[in-house]
Amino acid sequence: MKKFLLATTAVAASVAALGATAQAADLGARPYYPKAPAYAAPLYNWTGFYIGGHLGGVFAGNNTFGGLALADSSARFMGGVQAGYDYQLSPNWVVGVEGQYSWVGNHQLNAIFPGGLVYNNNQRGIASVTGRLGYTWGPGLIYVKGGYAYSDNNENVTFGGLPVAFALSDNHQNGWTIGGGAEYMFAPNWSAKVEYQYYDFGDSRFVGPGALVPFGTFHNDEHTVKAGINYRFNLGNFGGPVAARY
């Protein structure tokens, strides 16, 4: 009887094992579900060269020639080009250098002196070479800038419409500039900016002709507001997501 029971139990266990194997075969292989990739936030890199253009306005200060008011165009159109290089020091800090030239439209700075002498200064353009320091958070950048400024002046003194020889203590072509702005990467390789920049070309006074010497000095400065766009050469990841690696 014991042998019969043992044999029956062994047969039952074998049948159960075969049934489980067949059921597993019927179910097929367990499907493989790959792990979802980790999210990779966009990484923006400001390092690289760029070129671009800008439009804006120029606003002259209220200058006088020893108390004699100067008639000028207080608001003028400007447009120009810029080029530069930025280097991202860390996730949040950017340093760079930029050169810029702006053509200035319709600027006639005039002074009519007692006796009939007339001074005219046609400022055709202003330029600068500046350093930049900025703080960035992804696609956004705020910055300050400052450095050398240049003014392209065409000046003359006339009497009765005829030119008169003259000399100034300073040609007010060379000066300094300071400003700041904000820039935003709106697409790969492209950024837009708005900027305020102040230009100072110092004081000037006539040293000839003698009739103009007593009128003292006048100050040469400009306030500018510009909006521009830059194309950034892709030396890094400009505005694009970085793919996660596994």
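This report looks at aromatic pairs, charges over rings and one buried threonine in a predicted model.

## Aromatic pairs

The model holds 12 aromatic pairs. One of them joins Trp93 and Tyr135. Their ring centres lie 5.3 Å apart, and the planes meet at 75°. That makes the pair edge-to-face, because an angle over 60 degrees counts as such.

This pair links distant parts of the chain. Trp93 belongs to strand S5, which covers residues 93–104. Tyr135 belongs to strand S7, which covers residues 117–137. The two residues are 42 apart in sequence. Trp93 is partly exposed, with a relative accessible area of 42%. Tyr135 is partly exposed too, at 35%. Both values fall between the 20% limit for buried and the 50% limit for exposed, which is why the middle label applies.

## A buried pair and its cluster

Tyr119 and Phe218 form another pair. Their ring centres are 5.9 Å apart. The planes stand at 55°, so this pair is tilted. Tyr119 is in strand S7, while Phe218 is in strand S13, residues 217–232. The pair therefore ties together parts that are 99 residues apart in sequence.

Tyr119 and Phe218 are both buried. They also belong to a cluster linked by ring pairs. Its other members are Phe113, Phe166, Phe206 and Phe215.

## Charges over rings

Two arginines place their charged ends over tyrosine rings. Arg132 sits over the ring of Tyr143, with its charged end 4.4 Å from the ring centre. Arg232 sits over the ring of Tyr50, and here the distance to the centre is 4.6 Å.

## The surroundings of Thr177

Thr177 lies in strand S11, which runs over residues 174–187. Is this threonine buried or exposed? Thr177 is buried, because its relative accessible area is 3% and the label needs a value under 20%.

The side chain of Thr177 has polar partners. A polar contact of 3.0 Å joins it to the side chain of Gln197. A polar atom of the Thr177 side chain also lies 2.7 Å from the backbone oxygen of Tyr198.

Which residues does Thr177 touch beyond its neighbours within four places in sequence? Gln197 and Tyr198 are in contact with Thr177, and so is Tyr199. Ser128 and Thr130 are also in contact with Thr177. The list is completed by Lys145, Gly146, Gly147, Tyr148 and Ala149.

Conventions: Residues are numbered from 1 along each chain as its sequence is written. This is a predicted model: local features need pLDDT of at least 70, side-chain atom pairs count only at pLDDT 80 or more; totals for chains, interfaces and linings use all residues. Side-chain values use heavy atoms; hydrogens and water are left out. Rings of Phe, Tyr and Trp (its six-membered ring) pair if their centres lie within 6.5 Å; planes under 30 degrees apart count as stacked, over 60 as edge-to-face and the rest as tilted. Helices (H or I, at least four residues) and strands (E, at least two) are DSSP runs, numbered from the N terminus. Buried means under 20% relative accessible area, exposed over 50%, partly exposed in between (1.4 Å probe, protein chains only). A charge sits over a ring if NZ of Lys or CZ of Arg is within 6 Å of the ring centre and within 35 degrees of the ring normal. A polar contact is a pair of N or O atoms within 3.5 Å; within protein, one must be able to donate a hydrogen and the other to accept it, and residues adjacent in sequence count only if both atoms are side-chain atoms. Contact means heavy atoms within 4.5 Å.
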